[in-house]
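Q: Please take a close look at one part of this model, chain C, and explain with care how it meets its partners. I am a first-year student, so a connected account would help me.

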Amino acid sequence: MDEIKEKYKEVKGKYDVIIIGAGLVGSIIARWLSKYNLNILLIDKEPDVSTGTSKANTAIIHAGYDSPFGTLRGKLVVDGNRMFYQMCEELEVPYKMCGTYVVALTDEDIKTLEKLMENGRKKGVPGLEIISGEEMRHREPYINPDVKGALYAPTGGIGDPFMLTVAAAENAVMNGTKILLETKALDFVVEPFSLHKKKVSGVVTNRGTFLADVTIASAGLYCDELMEKLGIKYDFYVRARKGEYYVFDKAKKLQVKTVLFPCPTPVTKGILVTTTIHDNMILGPTAKEIKDKEDTSVTPMGLEELYEGAKRLVPKLELTDVIRTFAGLRAGGFLHDFIIEAPPKYWGFINLAGIESPGMASSAAIAEYVVNLVQEQGLELRKKNNWNPIRKSRPDFSKLSLEEQGRLIEKNPLYGRIVCRCEIVTEGEIVAEIHAPIPARTYDAIKRRTWLGTGRCQGSFDTPRVIEILSRELGILPTDVIKESKGSNFLTRLTKEVPERGLND
Amino acid sequence: MVKEKTKLICIACPVGCEMNVTYDGKTVLEVDGNKCKKGINYAETEIVDPKRIIVTTVRVVKGLHRLVPVRSTEAIPKNKIFKVLDKLCEIELDAPVKIHQVVLQDAVETGINIVTSRLLTAKSE
Amino acid sequence: MIEKRYDVVVIGSGPAGLAAAIAAKKAGANDVVIIERDIELGGILLQCIHNGFGIEIFEEDLTGPEYAHRFIVQSKDVGVEALLDTMVLDLTPRREIYAINKRNGMIKIDVGAVVLAMGCRERPRGALAIPGYRPAGIYTAGTAQRLVNIEGYMPGERFVILGSGDIGMIMARRLTFEGAKVERMIEILPYISGLKRNYVQCLLDYDIPLQLKHTVIDIKGRDRVEAVVSAQVDENWKPIPGTEDTIPCDTLLLSVGLIPENELSKKAGVELDPLTGGPYVDETMQTNVPGIFAAGNVVHVYDLVDWVTKAGFLAGRYAGKYAIQQRRESERKLRVIAGNNVHHVLPHILDPLSLKREPQDLQLRVQWPVEDRIWINVEVDGKLIKQQAERYARPSEMIKVILSPEDYKKVVGAKELLIRVEER
């Protein structure tokens, strides 16, 4: 790849730390590192944060009983869970500690619950309790009536991974981190260091070369491709594990109140039936390893598996209130544990791989772990005395009282126009996100932050209006407004402009 | 006389009567299946010189919207539709626009006008 | 917060809302206001630039905007007010309305009677759970219509349209007029679901192929649609393996059903009929909540705008009377039941005394089509009181049965009126 190194060799900046990948983990690492007097650069190849693996996340804050005692993820999830809720408070991101349940439908299952509880207790997961079938039926009236019992984890809950990523990245930026989107890591700058080690001195990107004392790769599905550039091969491969989901209308006949897991298998926690922070209900995810890292297509087999799996927990489930299906790809691997390490052959380089479930719940602990690794790479970490942990959220119109809504409109009339009527999102909120510390410049970026377009009509009403607002606020043509990535334009041309083909038949 | 038969769906109103039409060249001999007189008129025109009402939009400068909807006042020959559409692409009206304002007179020598379907006020700043 | 009071508030200014507001004024209500979320009156009519409107009411063949114009002018003439660019956020069972707009902020309105005329929304791709990617370039037909006719932009260049509803067919022609290529229209049923006239003047005229008994089973393209895959379906609507066909295109248009938009109605405690998705109504279009009336597509989806206007007139008249305390006597009401091959019938309950005042319409849709002569039988407490002959029955064409004042004596005192289809 020396042509690449040659083409983009112009050095555009020097930093103390570069983080590759502004997903949930990368953004939270940035936030943690921003506590120190460091020049940090966070890069991502897409026009927004949270577009890779982080985009499709069941949003469960795991309590931590599942991952085995003695593994890295087993440890980090317990520490992470403890820190998670406070982090959400500081970043003003919604969450709900509603508790999670692993449901036992057979006596065998009960034995599994006991093993999980034991594993959890060993690791220090607080408050675990096996409740009776009757108690489970009381808490969730729609649960399978054959339920024998359930493992209740009071410190489990539901969160908003998209908003968390945005908020963490914004907080990092507020505290001095630089973020460059549409900046793709193509290769590394590598220099000799010692007899047995080389030094990673920076990253070659499509925007030029950036130098750094420490480079952190938090690249989700693409971490193995990046590692190949350094000749690092793991004993496992990073495979995309596709998870498909059904999303239900908020106004549905059947509602679960918390998070319901089936008894887990070695590979996956299974197909959940859970409420979400936005009051939708979702079923999912499935778990199918696929080759194509960009194949987020939903499949008929996946959907069928979803429904069959979910019905075991909630037999009365019907698909009439489904408003959407989607699929996401977890960066899975053969090893089933987090890899967070400074590879021994390199100095100045930290790699994160295989951060799938319970990645979100562990994220704060992962960040602290990485901070230690950064220190071990020789960077002096001096705490800033003006680090601000608080990232103030922007008004969520739909959650305000009538009086507050009225006052907000008086201050800024743009809040007086509803753009997404299904989820009650106003023009004021959209404009605020477009001009936020990490600007939302695509439809999906706005959707992630405001929940616009996720309701009953799935964007039928808001799309033309959002295109117009983006065009106006960004000063671009409506035909240049995109959905998520380059090439996902909504509109092709003005009417009355006839394409070369001509109108004649 | 060469009797030919064809099936036509009348488009004169939303019912859409399915008619059997017997004709010889350009002369309609028999029509059945129609619920009213309009069906016969439709069949006669359709055999000889098919016509359609056309609707589209025309650009407006400084109006409340960028476009104003327009319609042909009557049905125009089918084979002239795209020529009329092409001509309408070239037109730009100045706001304010009145309803039934003539946008294109005697469109492509059909004798039929294209007029606006609504009034459009000027854009207020 | 600004507080206002009106005799009648109409929510929505499409054909139902405009008609209701005019009728409320004429019925004697003093302060009548239409609340419309768009910047001008007219609702969906403004983007329906095609003709076919007004054949019954005006005996003319008007375009949507022309039809709207007639009522907009009339509404102004009779003194109906309008709150434009204003969205209703809440409606309580006590008829308090909370609405917002940029100028006034939060507005609280106390009202004598409300007419719900919010229309309907379109069924989205997600509700069909069509497998595949979720690229840009998937639109419901109405959204595409808005983009083309109001904003003035093309949503794509090569289209496949799923669903043979009228909106889909109209858009097939519209897009062709604007220089796009419509590759195919795909319909899962063995017949088109829209009007036959549209099949002629939108598909046949422009050589746009129609595939019946097919559906879309996959969407290709990560960032933008690149192709859709169609497949034939069996009697159970399941795709038949081996019939897959990949159609290159850049846009998938969905015309797969309209759903009455009743989130606001639910907030007011209005009970909805699961068969229609709209409120239970009586012959005056009043819902189960006193003083809250409903008209148009929000009640059940209509084919003809003229019937929507008539429903709006009806609801508006009685809303107006309600607001000015003109109560009418009523007798024990009849339940109206859908019988054999009737999917649903409106109104759900009927006051026999209303027949003494004027004829009453029963509006129904059949469940499955019969392309042969049928009777529509009206039975009261088991006794046949009326038969209406029809040459055919299609789910896509609403059927009207008119009960006349002579029918009053056949109906008074009865409990149930059943309406059913009998083949001749």
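A: A good place to begin is a single pair of side chains, Asp85(C) and Arg417(A), which meet in a salt bridge with 2.7 Å from N to O, the term standing for a side-chain nitrogen of Lys or Arg within 4 Å of a carboxyl oxygen of Asp or Glu. The model is predicted, with local features needing pLDDT of at least 70 and side-chain atom pairs counting only at pLDDT 80 or more, while totals for chains, interfaces and linings use all residues. Residues are numbered from 1 along each chain as its sequence is written, chains are lettered from A and ligands numbered from 1 in the order in which they are written, and side-chain values use heavy atoms, leaving out hydrogens and water.

Between chain C and chain A there are nine salt bridges, and 22 residue pairs are in polar contact, both at pLDDT 80 or more (a pair of N or O atoms within 3.5 Å; within protein, one must be able to donate a hydrogen and the other to accept it, and residues adjacent in sequence count only if both atoms are side-chain atoms). On the side of chain C that touches chain A, α4(C) gives the most, with five residues; helices (H or I, at least four residues) are DSSP runs, numbered from the N terminus. In contact, meaning heavy atoms within 4.5 Å, are 52 residues of chain C and 58 residues of chain A. Together these chains bury about 4,500 Å², 55% of it on carbon and sulfur atoms, where buried area is the accessible area (1.4 Å probe) that two parts lose on being put together, summed over both.

Turning to chain B, the contact takes 37 residues from chain C and 34 residues from chain B, and the area buried between them is about 3,000 Å², with carbon and sulfur atoms giving 57%. Within chain C, Phe177(C), Lys196(C) and Arg197(C) lose the most area to chain B, together 19% of what that side buries. Five salt bridges are found across this interface, including the one that joins the side chains of Arg118(B) and Glu40(C) at 2.6 Å, N to O. There are also 15 residue pairs in polar contact between chain C and chain B, both at pLDDT 80 or more.

Finally, 15 of the 19 residues of α8(C) are buried, so that this helix is mostly covered, buried here meaning under 20% relative accessible area (1.4 Å probe, protein chains only).

Notes. Buried means under 20% relative accessible area, exposed over 50%, partly exposed in between (1.4 Å probe, protein chains only). Helices (H or I, at least four residues) and strands (E, at least two) are DSSP runs, numbered from the N terminus.
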